[in-house]
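Reader: Please take a close look at one helix position, then work outward through the rest of the fold. Keep it brisk.

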Amino acid sequence: MMTKSSRKSVLPARTHDYEFLGPPGALVISISAPFVCYLAAFVCNDVSGCPIPSALHPRSLSLAKLKEEGAWPRDGIWGLASLRVTSSVLAYYLLSLVLQAAFPGLVQQGVKLRCGGRLEYKFNAFSSAVAILFCVGIGTYLNGPDFALWTFIWDNYIQLITANLGIAFALSCFVYYRSFSVKAGNKDKRELAAGGHSGNLIYDWFIGRELNPRITFPVIGAIDIKAFCELRPGMLGWVLLNLAFIAHQYKMYGFVSDSIILITVFQSVYVFDALWMEPAILSTMDITTDGFGFMLAFGDLVWLPFIYSLQARYLAIYPVRLGIPGVAGVLAVQALGYWIFRSANNEKNRFRTNPKDPRIAHLQYMETSSGGRLLTSGWWGSARHPNYLGDWIMAWSYCLPTGIAGYVVKHRSPVMMSLGDLTDGEGTISGGLVKQQLLQGEARGWGMLITYFYLLYFTVLLIHREMRDEEACKRKYGEDWKKYQEKVRWRILPGIY
């Protein structure tokens with residue numbers, strides 16, 4: 001049993017106060033975030049509309065009507081889960097673990113820990129994802145949109161949310177309980193996160209008590225739970241969901257719209273760029289600072305794949321044809337955001353690695369007492385976090401292809417249709433292989449609460465991340481950061497914020 005003195009030696013000094021409004025905020029987020037995932041699935045569907053008609057007429061709202069329009073499971077609350085679906089999801093996680101262990105990969109050490117050592121990480125998420133998608137591609141080639149994986153995802157969407165939520169919850173409880181076995185001077189280099197040992201059960205469970213929890217499996221070996229969840233099941237799951245939605249659109253309408261292709265390509269490039277650059281996670285706050293708790297587990301395994309794919313799911317039901325002008329407009333937004341994002345990051349990286357590089361040698365900077373240098377011209381002289389502006393602009397390109405979203409489902413018999421019949425001036429989708437008619441009607445615009453929710457969330461995320469960065473920089477640079485703020489006044493968007 002740990003003595004009081006040895007227990008204190010593994011508790012890092014807390015370097016900041018509660019985040020997310022402390023225990024009450026952690027509790028609210030832990031309940032409301034899963035609720036949002038289910039809500040988005042039920043209020044935007046292929047049974048009654050997006051949003052469901054009752055949402056547009058609150059006075060006529062009733063529990064019975066909500067269940068009918070929201071396609072509530074026939075088995076009631078028990079229908080939200082399925083043993084078969086949960087088993088399939090666990091098999092998918094197991095496959096990811098096996099591929100990580102079996103495939104060759106880059107072995108790299110992480111940042112230096114407080115205990116003085118470094119942890120080793122094996123990176124092969126990119127090759128693992130390519131292998132899975134190669135097999136999926138063969139299945140799609142042989143079976144088309146009726147490939148079992150695509151129909152399984154579409155038919156069990158709600159149960160998939162529940163299965164991943166259950167895994168996130170179980171992992172959070174497991175690592176929280178296990179964190180109390182961390183001892184000073186342990187040979188496994190286990191240590192607690194600076195902000196995760198407040199003593200409040202709810203908050204520490206949410207924010208993460210242990211910094212880098214690991215577990216050893218027979219045959220597979222040691223797995224870093226946080227690094228595994230960061231880029232593997234959820235990120236690839238996001239791509240698989242989008243592809244399932246494309247398959248469903250083709251199955252229902254006989255074509256694939258340019259809008260859903262754009263979104264899937266943009267998001268797939270984002271995912272595979274992250275997988276290719278997997279070692280870069282070693283310097284991120286998620287790995288170096290944050291403990292692994294429900295916040296990261298839920299975010300990686302549930303929120304990211306199911307919330308980030310809402311636009312593709314909407315377009316699977318209500319295809320939008322952008323045409324050449326629309327495609328060009330969305331591409332222009334994406335290109336602008338990427339240019340700002342990549343230019344700002346390249347400028348910073350070049351300055352850090354080779355200040356004499358002729359491309360950045362002319363930039364002005366200020367020296368800090370700690371020996372660091374802070375750029376005061378160029379991109380980083382216009383704002384303290386210009387890369388976030390590029391990120392935010394790119395987020396628009398994920399939502400704009402859905403247009404002025406919203407539709408109401410009118411059931412009828414199927415008839416044939418061509419691509420030219422996709423929409424008329426009234427925002428109607430009729431004919432085709434579908435068994436219903438989709439009208440925008442009074443729902444027009446209200447569906448944007450679903451399809452543009454990602455943009456709203458991402459805005460809040462970037463501002464919160466920027467605030468965390470500011471606090472970290474204040475602690476690192478002290479008074480020099482205040483001087484830097486006087487030189488570079490704006491945080492993200494020059495002249496506005």
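Author: A163 lies in helix α8, residues 157-178; helices here are DSSP runs of H or I with at least four residues, strands are E runs of at least two, and both are numbered from the N terminus. The model is predicted, so local features need pLDDT of at least 70 and side-chain atom pairs count only at pLDDT 80 or more, while totals for chains, interfaces and linings use all residues. Residues are numbered from 1 along each chain as its sequence is written, and side-chain values use heavy atoms, with hydrogens and water left out.

A163 is buried, at 5% relative accessible area. Buried means under 20% relative accessible area, exposed means over 50%, and partly exposed lies in between, with a 1.4 Å probe and protein chains only. Leaving aside neighbours within four places in sequence, A163 is in contact with T86 and V89; contact means heavy atoms within 4.5 Å. L39 is 124 residues from A163 along the chain, and their C-alpha atoms are separated by 16 Å.

Now the nonpolar interior. A nonpolar core is a set of buried Ala, Val, Leu, Ile, Met, Phe, Trp, Tyr and Cys residues joined through side-chain atoms within 4.5 Å. The largest core has 118 residues, and Y157, V302 and Y407 touch the most other members. Helix α14, residues 294-308, gives the largest share of this core, 12 residues. Y157 touches A41, L241, F245, F306, L310 and R313, not counting residues up to four places away in sequence. Apart from this core lies another, of 7 residues, including M366, L374, Y484 and V488. In soluble globular proteins, nonpolar side chains tend to be buried together.

Two of the contacts of Y157, L310 and R313, belong to the buried residues of α15. This helix spans residues 310-317, and 8 of its 8 residues are buried, so α15 is largely enclosed by the rest of the structure. Q311, A312, Y314, L315, A316 and I317 are among the buried residues too.

L374, a member of the 7-residue core, also touches T368. T368 sits in the loop between β6 (365-367) and β7 (373-375). Its relative accessible area is 7%, so T368 is buried. Y477 and D480 are also touched by T368, with residues up to four places away in sequence not counted.

Next, the strands. β2 (residues 106-109) and β3 pair in the antiparallel sense over 4 bridges; two strands pair if DSSP finds at least two bridges between them. Q109 stands opposite E120 in β3. Side chains alternate along β3, residues 120-123. Y121 and F123 point to one face and are buried; E120 and K122 point to the other and are not.

Charged pairs come next. The structure holds 13 salt bridges, each a side-chain nitrogen of Lys or Arg within 4 Å of a carboxyl oxygen of Asp or Glu. R468 and E19 meet in one of them, at 2.9 Å from N to O. R468 lies in helix α20 (residues 453-477) and E19 in the loop between α1 (4-9) and α2, so the pair ties together parts that are 449 residues apart in sequence. R468 is buried at 17% relative accessible area. E19 counts as buried at 14%.

D146 forms a salt bridge with K251, with the closest N and O atoms 3.2 Å apart. D146 is in the loop between α6 (125-143) and α7 (148-155), K251 is in helix α11 (residues 233-253), and they are 105 residues apart. Both ends are partly exposed: D146 has a relative accessible area of 46%, and K251 has 39%.

R384 pairs with E470 in a salt bridge, the closest N and O atoms being 2.8 Å apart. R384 lies in the loop between α17 (379-382) and α18 (386-399) and E470 in helix α20, so parts 86 residues apart in sequence are tied together. Both R384 and E470 are buried. Salt bridges that share partners also join E19, D290 and R468 into one network.

Finally, the surface. L27, I31, L201 and I202 form a nonpolar patch there, with about 360 Å² of accessible area together. Patches are made of residues with over 30% relative accessible area and no salt bridge; like charges are joined within 9 Å, nonpolar side chains (Val, Leu, Ile, Met, Phe, Trp, Tyr) within 5 Å. Accessible areas come from the Shrake-Rupley method with a 1.4 Å probe, and for residues only the protein chains shown count as cover. α2 (22-43) and α9 (201-207) each supply at least two residues of this patch. I202 lies in helix α9 and counts as partly exposed at 32% relative accessibility.
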